[in-house]
Amino acid sequence: MRELKVEELSYEAFHSFGEYEDLLTSRESGFYPDMIRLCNDGRDTSVSISRVEGKGREIVNYEYHTNTCEGILPLDGDIYIYAAPPFWFPQVDKMRVFRVPKGTFVRLKAGTLHGGQFSVTGEPVNVLILLPERTYSNDCEFIDLEEKDRMLITE
């Protein structure tokens, strides 16, 4: 099984997948509107909560959205996300793993391969997910990896 070593978020490492912003500590006091824009093709954005854990840390599948970006915000703990850059065919061999500190908003570009998040500590973490409404019905491809192609997240 291929192992993927966790990387810290940095512009250089993450820019091909999307962008991110630390919403909790990157600014002085005040209100800062429109810090990151999600492209949603004119559809209403839906707010979802995903409760993730860190058990296993094995990547067994991935998904992508052809026309929409996805917003991910860990609310009460750090998470790992995995991603591979958008391309005209899935480049699973380019998959990378990033540690996302709580309060850091991540925007994945349309077409970026990704999947469910993992808690860094193994304790449950609530993750805010922002997507255009009904994305899972009309703009989402789910792919299960064959046993030989599965990956393990390592520190």
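## A pair across two strands

Let's start with one spot in this predicted model: Ser-46 sits opposite Leu-131, a residue of strand 12. Strand 3 and strand 12 (residues 125-132) run antiparallel, and 8 bridges join them.

## The sheet around them

Now let's step back to the sheet. Strands of a sheet pair through backbone hydrogen bonds, and the pairing can be parallel or antiparallel. Here the sheet is open, has 5 strands with antiparallel pairing, and follows the order 2-9-6-12-3.

Why do strand 2 (18-22) and strand 3 (45-52) have one side without a neighbour in the sheet? Both stand at the edges, where each has a single partner strand, so one side of each is left free of a neighbour there. From one strand to the next, the twist averages 20 degrees.

## The largest nonpolar core

Next, the nonpolar residues that cluster together. The largest nonpolar core has 17 residues, and those touching the most other members are Phe-14, Ile-72, Ile-79, Ile-81, Phe-98, Val-106 and Val-127. Two or more residues each come from helix 1 (11-14), strand 7 (79-84), strand 8 (96-100), strand 9 (104-108) and strand 12. Strand 12 gives the largest share, 4 residues.

Take a closer look at Ile-81. Leaving aside residues up to four places away in sequence, Ile-81 touches Phe-14, Arg-96, Val-97, Phe-98, Val-100, Val-106 and Gln-117.

## A second core

There is also a second, separate core, made of 16 residues. Among them are Tyr-62, Ala-84, Met-95 and Leu-145.

Methods. Residues are numbered from 1 along each chain as its sequence is written. This is a predicted model: local features need pLDDT of at least 70, side-chain atom pairs count only at pLDDT 80 or more; totals for chains, interfaces and linings use all residues. Side-chain values use heavy atoms; hydrogens and water are left out. Two strands pair if DSSP finds at least two bridges between them. Axes are lines fitted to C-alpha atoms, for helices over the stretch in contact, and angles run from 0 to 180 degrees between N-to-C directions. A nonpolar core is a set of buried Ala, Val, Leu, Ile, Met, Phe, Trp, Tyr and Cys residues joined through side-chain atoms within 4.5 Å. Buried means under 20% relative accessible area, exposed over 50%, partly exposed in between (1.4 Å probe, protein chains only). Contact means heavy atoms within 4.5 Å.
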